[in-house]
Structures are given as C-alpha cells and as structure tokens.
Amino acid sequence: MKYFQLFSFFLYLVASSSFSQTTGIIKGTITNKNTQALIPFANILVEGTDYGASSDFDGNYRLEIPTGTYNLTVTVVGFQTEQKFNIELNSGNAQIVNFELTEGTELTEFEVTYDKEKEVATTDMVTPLSVQQLTVQEIRSNPGGNFDVSKVVQTLPGVGGSAGGGGRNDITIRGGAPNENVYYLDGIEIPVINHFQTQGSSGGAQGILNVSFIEELKLTSSAFDARYDNALASTFVIKQRDGNNEKLSGNVRTSLTESSFTLEGPLSKDKKTVFLASARTSYLDLLFTLIDLPIRPNFSDFQCKVTRKIDNKTTFTALGVGAIDRFRFAETKDETPENTYLRGSLPFINQWNYTTGFALKRLVNDGYYNLTLSRNMFDNQLDQFEGAQNDKEEFRNLGLQSQEIENKFRFDMNKFQHGFKFSYGVMGQYVKYNTSIFNRLASEVKDSAGNILSPEISLNFGSAIDFFKYGAFGTVSRNFFKDKLLISTGIRTDMNSFTESGNNPLNTLSPRLSFSYKLTKKIDLTASIGSYYKIPTYTSLGFQGTDGTYVNRSMEYIQSNHYVLGGQFIPNNGLRITVEGFYKEYNNYPVSVANGSSLANQGTQFGSIGSEAVVSAGTGRTYGAEVFVQQKLVKNIFYVVSYTYVRSLYSGLDGDLIASAWDNQHLVSGTVGYNFKKNWKIGAKYRFAGGVPYTPFDPVASRQNFPTLGQGTLDFNSINSLRLGNFSQLDLRVDKIVNFKKVSIDFYIDIQNLLLTEQETPPYYSFKRNADNTGFETTDGQALKQDGSNGIPVLIENRSATVTPTLGIIFEF
C-alpha cells in the first residue's frame with residue numbers, strides 16, 4: 001500500500017506539471033578569456049528558438065524562458081563565437097552559465113567571427129592539446145557516476161582506475177600512479193579530494209566535492225600550464241560558479257545511501273556578495289547493518305564559497321572544503337570466513353581533512369593578477385589488531401596517527417598584449433608533517449622448543465618535520481600566420497628546504513614547448529614536449545630510521561619527460577574527434593629498500609603508503625595512443641566514445657622495467673544520452689579495462705605471519721607476475737524532471753553493472769576455517785600454531801557480480 005501511494009503521488013506530480021507552462025532563469029557573465037575584462041553588448045541566442053538577450057555594461061545577461069534543455073550561442077563584434085551545450089533549465093534554481101570569449105581578427109561593426117571549431121574545442125593558447133572538459137550537467141547526469149567527479153572522469157581518454165573497480169575511485173592518467181595528479185579548485189590546490197583517501201596517494205572510496213558548485217572541470221594529461229607544480233600525470237582544474245545573487249535558493253538531494261543540502265543566495269543588499277554552502281552525510285553504516293555486511297563506513301562533508309565583487313575590476317573569494325570519515329567493522333549474523341577475514345585484516349580508519357583559502361583577482365591593463373592564500377590539513381588514524389581483538393594493545397598490528405599541514409601563498413600575473421599571452425608567478429609553502437606509527441611487518445617465529453627462529457620485524461617511530469617549498473614559473477604563447485600556427489612555451493622550477501639537494505633551482509628546471517598547426521579549417525595538428533617534477537610524498541620524507549635520522553633526505557624530485565603528437569578533427573557543429581600518441585619516461589622514482597619494488601605500484605589499498613626507507617633509483621616508461629569522439633547535444637542526443645592503448649612499466653632496484661599495477665593496456669568507454677519529451681532523460685555508460693597485474697603471496701612468509709598479521713605476505717621476487725581478468729560494466733540512468741512554478745523535482749534511478757558482469761580484485765590469503773567458523777582447521781587437529789605450520793592455506797577469491805541500484809530525488813528551489 002505504501003508503494004502504491006508513493007507511485008500515485010508520483011503520477012500526480014507528473015500530471016500536474018504536464019498541464020502548466022513553467023519557466024526558468026539562465027544568467028551569467030560574458031568576459032574576455034585572455035584578460036578577464038567584462039564584455040558588454042554581447043548577443044546571447046537560444047538555439048532553435050526566438051529567445052535571446054544582450055549583456056549589459058557589466059557583462060551580465062539574464063534569460064527567463066520555458067523549462068527544457070538548450071544550447072546557447074554568444075556572438076559579439078571582435079570575438080569568436082562561443083557555444084555551450086546541454087544546459088538543463090528547471091523551474092527551481094537559476095542556471096549560472098558564464099562565457100569566456102577569445103578575441104578574433106579585426107572586424108567591422110556588422111561582422112562576427114563564427115568558427116564552429118572553437119565551439120567544441122577545449123584547448124587554449126597555453127595548452128593546445130591533451131585537454132578534456134566536463135560541464136556540471138555532464139557530471140551530474142553521468143550514469144554510474146553517483147555525482148562523483150572522480151568516477152565521471154574515468155570515461156575520458158587515457159583515464160584508468162582501480163583493479164576491478166574495488167570500491168575505489170583511483171585515477172590513473174596514461175599509466176601514471178594516482179599520486180601523480182594535482183587538483184585545483186578556483187586556483188587553490190585541494191590535496192584531499194576523496195573520502196577514506198589513501199595517505200601518500202590520492203584514491204579513495206567517494207569524492208568529496210559537491211557537483212552543485214562546479215561550473216566546469218578541465219583535465220590536462222600533458223603540456224601542463226607551468227603555474228601548476230607537482231604534476232607528473234595530469235592537472236584537474238575545477239572552476240566553481242558563484243551563488244545566485246537574486247534570491248535564496250538551493251537543492252536537497254537524497255538517495256538510499258546519502259543526503260545532501262545546498263543553499264545559496266545574496267549576503268548583502270547590493271547583491272555583490274553571494275554565497276554557496278552545502279553539507280552531506282551518508283548512512284551507509286545503517287544500510288550495511290540492515291543487509292548484514294561486516295563493514296560500517298560513514299562519512300560527512302562540507303563545502304562553502306563566498307564571493308564579493310568589490311568593483312568591476314576586483315573580486316574577492318573565500319572557500320572551504322572539509323570531510324569527516326569513519327570506517328569500522330562489526331560481526332555479522334551470518335559470519336562467513338570472508339567476513340571474518342575482513343574484520344581481522346583491514347584497518348579501522350578515522351580521518352578528517354579541510355582546505356580553506358582566500359583568492360583575490362584584480363583586473364589590470366591588458367590582463368589580471370591572482371593572489372591566493374590557503375591552508376589544508378589531513379588527519380589520518382589507522383588501527384588494526386590481531387584476530388579483530390580490537391583495542392587490546394598486546395594484539396595491535398598497526399597504529400598510525402599522522403597529520404599533513406600546508407600553508408600556501410600563490411601569485412600570478414597574466415597579460416595579453418600585441419597577440420602575446422604571457423604569465424609569470426611565484427609560490428611559497430610552509431609544510432608540517434607529524435606521524436606516530438607502529439606497524440608489525442613480520443611476526444616472531446619460534447620452533448617447538450621455544451627458540452626464536454626469526455625475530456619480529458616492525459616499525460615503531462614518531463617524527464615531526466617542517467620545511468618550506470617555493471617555486472616560480474613563466475609562460476609565453478602566440479598565434480602566427482593569421483592564427484594558423486600556435487606556439488606555447490613555459491618554464492618552471494621548484495625547491496625545498498628539507499632534502500639535501502632541494503635548494504638547487506637547476507635540479508628541477510622544467511621547460512616545456514607546445515605547437516598547434518591548423519592544417520585546414522577543420523583539422524589541427526598538435527605536438528608537445530616537456531619536463532616535469534614532483535617532490536616525494538611526506539610519508540617518505542618523514543620516515544625515521546632506527547637511529548632517529550631521516551633516512552630519505554637524500555631523495556630527489558621525481559622527474560618525467562613527456563612527448564605527445566596528435567590531431568583534432570571537427571567535421572561539424574558539436575562533434576569533435578581527437579587522436580594522440582604519447583610517450584613518458586620517468587627518472588628518480590622512489591624504490592623500497594626493503595623489497596626492491598617501485599612505489600609506483602602502491603596505492604590500491606585503503607590506509608597509508610610510503611613510510612619506509614626508499615631510494616630515488618627507479619625509472620619508468622608509459623606509452624600509448626588514444627582516440628576520443630565527442631558529440632555535444634544535437635537533436636536531443638549526445639555521446640562520448642574513447643579508446644586508449646597504454647603500457648605502464650616501472651623498475652625496482654634491479655633496473656628491469658616490468659608492468660606496473662596500473663598496466664591496463666586497453667581502456668574503452670562510451671556514454672550516450674537522449675532527451676525525450678516531457679523532461680524524460682535516459683543515459684547509458686559502458687566501460688572496459690584490461691586486467692591489471694598483481695603480486696602473488698610468498699607461501700613461506702605468509703604461513704609464518706598470518707596467525708599474527710591476519711593477512712598474507714607478498715612475494716616481491718615475483719612482483720606483478722599475475723594478472724586479473726578484464727573489467728567491464730554497463731550503467732544505466734533514467735531521470736524524470738517535474739517542474740512547478742518555483743520549484744522542480746528530479747526523480748532518478750541509477751543502476752550500476754546492469755549486465756551482472758563479474759568483477760575481480762586480487763585474492764586474500766587466509767587459513768581454512770572450521771565448519772562452524774569458530775576457529776581454524778589444522779592438519780593435526782590441534783590449535784593453530786604460532787608459526788602457522790599446521791594451518792591449511794587458502795586463497796579467498798574476490799569475484800563478484802552485483803547490480804547496484806540507486807533511487808534518488810533532487811528537489812530544487
């Protein structure tokens with residue numbers, strides 16, 4: 001009866017909205033892309049309709065038109081035409097759609113530049129290749145994306161992820177490790193973007209950022225803008241929109257797993273100060289309790305942005321992002337061997353983090369400058385006990401309490417004069433890293449007489465380091481031969497006060513050069529070469545040896561050289577096809593002294609990596625090619641298809657290049673969406689990834705250590721010698737939007753792994769348990785010996801074929 005009543009209410013909403021004409025508001029600002037100057041008197045046209053508007057003297061425009069999905073075009077004398085696609089207009093909150101226009105050639109007052117290539121291009125003068133962009137609508141409506149930026153970008157070319165999905169959203173770009181990416185939000189670096197993030201890496205379980213804040217996301221996989229430090233594989237530059245300056249508005253989103261609330265509006269009577277604020281909480285712990293799973297994850301996050309337009313030339317922005325994460329375990333009613341293993345081997349996780357910052361943008365003659373101050377902190381606590389005997393110190397296998405703190409200053413000047421676009425700037429950081437760690441790596445082994453055959457091996461230290469990081473950059477770009485040839489060049493250097501050679505600016509001098517040549521009006525040829533550097537992780541820099549010294553101070557910056565050749569073909573309005581080949585070589589990659597393997601293979605598990613003695617002796621090679629086809633919304637349909645062939649090879653102490661843990665070889669993705677009448681929308685996404693390598697267990701060491709550690713010990717003499725099966729998944733999403741006079745409701749269902757495809761992650765090492773799962777079965781019928789010699793080893797396979805449906809509602813007002 002309850003379901004019938006709910007369904008009847010839904011039909012009532014659909015019927016009532018069908019007989020009423022509803023309108024929505026599209027508003028935004030038109031600016032010069034190169035100088036950020038406001039552009040008055042631009043014409044904004046709604047494709048396929050008679051609706052339109054003009055920007056006022058301050059570059060602002062406003063449209064109030066019937067609800068629906070539209071493409072917008074902006075034209076103005078002296079600038080190239082710009083178009084934005086798939087703008088979903090509801091009767092609830094206003095849609096903020098800003099345009100940045102590029103200057104064209106000299107024109108008469110009756111002429112405009114209309115270049116269809118520019119309408120769908122994602123590159124700019126600084127980075128003319130290896131760039132992809134996602135709009136907020138593409139992120140929100142992505143099937144299987146669950147409003148998570150980290151999951152949505154895995155549909156783009158060159159982007160891989162975790163082995164078999166694995167409940168994680170690690171992002172690997174063109175074969176690089178997850179910690180080779182950097183993330184910027186309105187010019188402020190965000191080191192932690194995931195809940196339950198692996199310290200020393202960047203992957204986690206669920207993204208933190210609220211997609212309601214996002215205006216667009218720009219992913220660059222090579223030819224990086226020199227203003228961004230520490231990038232080896234990619235830069236993610238996320239631009240947030242400003243809050244609605246007309247009225248208090250927002251949205252509420254709720255589903256079976258989480259709920260979020262977003263509020264925005266003006267803060268001053270002159271409407272020049274606006275805010276955006278949101279809070280989200282999950283109730284996965286309650287859901288997993290109901291379905292009797294041993295894991296109990298719970299997270300919350302918070303985000304805010306306040307913008308003050310001081311005058312037409314000066315804008316001040318304050319932003320904040322934070323999260324609280326708790327990951328625990330509990331006995332289940334049906335306690336299987338797999339559940340028992342999970343409770344005894346995985347750590348409890350208690351994390352919190354925040355990033356807060358202030359940004360000042362000031363327009364000057366022919367350009368602008370940015371000044372940002374920010375602070376971020378990551379607090380990570382991990383606890384794991386033998387046999388799940390939690391909070392009993394004598395059974396502790398892992399105890400970690402760690403904090404990473406960064407205080408940052410950045411300044412950059414950006415100018416556009418006589419056809420030259422140039423930028424320069426500096427940055428400085430004060431870094432603190434504190435850690436206290438106990439980690440039992442191998443248990444003590446005795447013979448039957450009680451004699452010690454091998455002692456316990458463990459880490460037990462506390463450290464606190466603080467130091468400075470600083471750097472400078474410059475870039476110059478210009479078009480030649482009537483805009484047929486674009487040349488972009490840049491240089492950067494980074495230093496620090498902690499490592500032994502960190503204060504030599506020549507050690508990290510990183511030049512880069514990019515070209516783009518317009519072969520025809522529809523075809524561009526592109527190429528780039530560049531060198532990039534990244535400082536080792538704080539977990540490695542803060543590691544102490546047994547004598548209390550910081551044994552990794554001799555580490556060098558990790559270095560990568562990129563070589564890229566490609567092309568772009570834009571045959572018609574809204575359709576873009578790109579092809580690129582890439583080759584990357586790595587030097588000074590950290591290698592574990594204990595097991596001789598490259599740290600590039602780590603980061604696939606929850607917890608922390610890098611707290612060990614390492615040397616900068618590793619090398620690496622990643623190479624491949626990618627094809628990308630993107631059709632923006634035309635006649636109610638849009639689609640994206642990509643294929644990437646990639647090899648990812650890294651060396652250890654022996655110098656031999658072997659396949660890394662991210663060596664998928666083949667990546668395929670496709671997304672298609674169709675907009676039906678009466679605000680029904682459907683989308684489907686398919687992903688395929690070749691199986692990645694993994695390392696088998698050492699049978700002798702695993703048998704000896706399992707009784708204490710509760711998990712197997714990897715055989716690093718056979719590192720990555722096995723390979724998982726291929727990963728594939730089909731996701732489906734259906735939306736029905738109901739518009740009323742001042743509010744709208746989006747009912748959606750999102751189904752992940754619709755085809756019940758089996759997905760695989762590396763197996764667990766365990767001992768066979770007895771029939772009633774109260775202990776271990778042994779070869780002699782006696783209690784399990786301390787050295788595990790009478791245990792019966794088994795591998796617990798990690799294969800599953802599960803459909804994950806999500807029902808949700810988005811209420812906008």
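**Exercise 1. The nonpolar surface patch**

Task: In this predicted model, determine which residues form a nonpolar patch on the surface and which elements give two or more residues to it.

Solution. Step 1: The patch consists of Ile 637, Val 672, Tyr 674, Phe 676, Trp 680 and Ile 682, and together these residues have about 490 Å² of accessible area. Step 2: Two or more residues come from each of β38 (665-675) and β39 (680-689). Step 3: Consider one of the members, Tyr 674, which lies in strand β38. Its relative accessible area is 32%. Because partly exposed residues fall between 20% and 50%, Tyr 674 is classed as partly exposed.

**Exercise 2. Strand β33 and its partners**

Task: Establish how β33 pairs with β32 and with β34, and how many of its residues are buried.

Solution. Step 1: β33 (residues 558-569) pairs with strand β32 (residues 523-534) in the antiparallel sense, over 12 bridges. Within this pairing, Tyr 532 has Ser 560 of β33 as its bridge partner. Step 2: β33 also runs antiparallel to strand β34 (residues 575-592), to which 11 bridges join it; here Gly 566 stands opposite Glu 580 in β34. Step 3: β33 and β34 form a hairpin with five residues between them, and Gly 574 in the turn has a positive phi of about 90°. Step 4: Nine of the 12 residues of β33 are buried, so the strand is largely enclosed by the rest of the structure.

**Exercise 3. The surroundings of helix α6**

Task: Decide why helix α6 (residues 337-345) counts as largely enclosed, and identify the elements against which its buried residues pack.

Solution. Step 1: Seven of the nine residues of α6 are buried, so the helix is largely enclosed by the rest of the structure. Step 2: The buried residues are Asn 339, Thr 340, Tyr 341, Leu 342, Arg 343, Gly 344 and Ser 345. Step 3: They pack against β22 (314-329), β24 (367-385), α8 (699-709), β44 (759-767) and β45 (793-800).

**Exercise 4. An open sheet and the loop before β9**

Task: Give the strand order of the five-stranded open sheet, and state whether Thr 127 is buried or exposed.

Solution. Step 1: The order is β9-β16-β17-β12-β13, with mixed pairing. β9 (131-135) and β13 (188-189) stand at the edges; each has a single partner strand, so one side of each lacks a neighbour in the sheet. Step 2: β16 (residues 214-220) and β17 (residues 234-240) run antiparallel and are joined by six bridges, with Ile 238 in β17 as the bridge partner of Leu 217. Step 3: Thr 127 is found in the loop between α2 (116-120) and β9, and its relative accessibility of 3% makes it buried. Step 4: The side chain of Thr 127 reaches the backbone oxygen of Ala 223 at 3.4 Å. Beyond its neighbours within four places in sequence, Thr 127 is in contact with Thr 220, Ser 222, Ala 223 and Asp 225.

Definitions and conventions. Residues numbered from 1 in each chain as written. Predicted model: local features only at pLDDT ≥ 70, side-chain atom pairs only at ≥ 80, totals over all residues. Heavy atoms only, no water. Pairing = 2+ DSSP bridges. Helix = DSSP H or I, 4+ residues; strand = E, 2+ residues; numbered from the N terminus. Buried < 20%, exposed > 50% of the residue type's maximum accessible area, 1.4 Å probe, protein only. Polar contact = N/O pair within 3.5 Å; in protein donor to acceptor, adjacent residues only side chain to side chain. Contact = heavy atoms within 4.5 Å. Patch = residues over 30% accessible without salt bridge, like charges linked within 9 Å, V, L, I, M, F, W, Y side chains within 5 Å. Areas by Shrake-Rupley, 256 points an atom, 1.4 Å probe, with all protein chains shown as cover. Salt bridge = Lys/Arg side-chain N within 4 Å of Asp/Glu carboxyl O.
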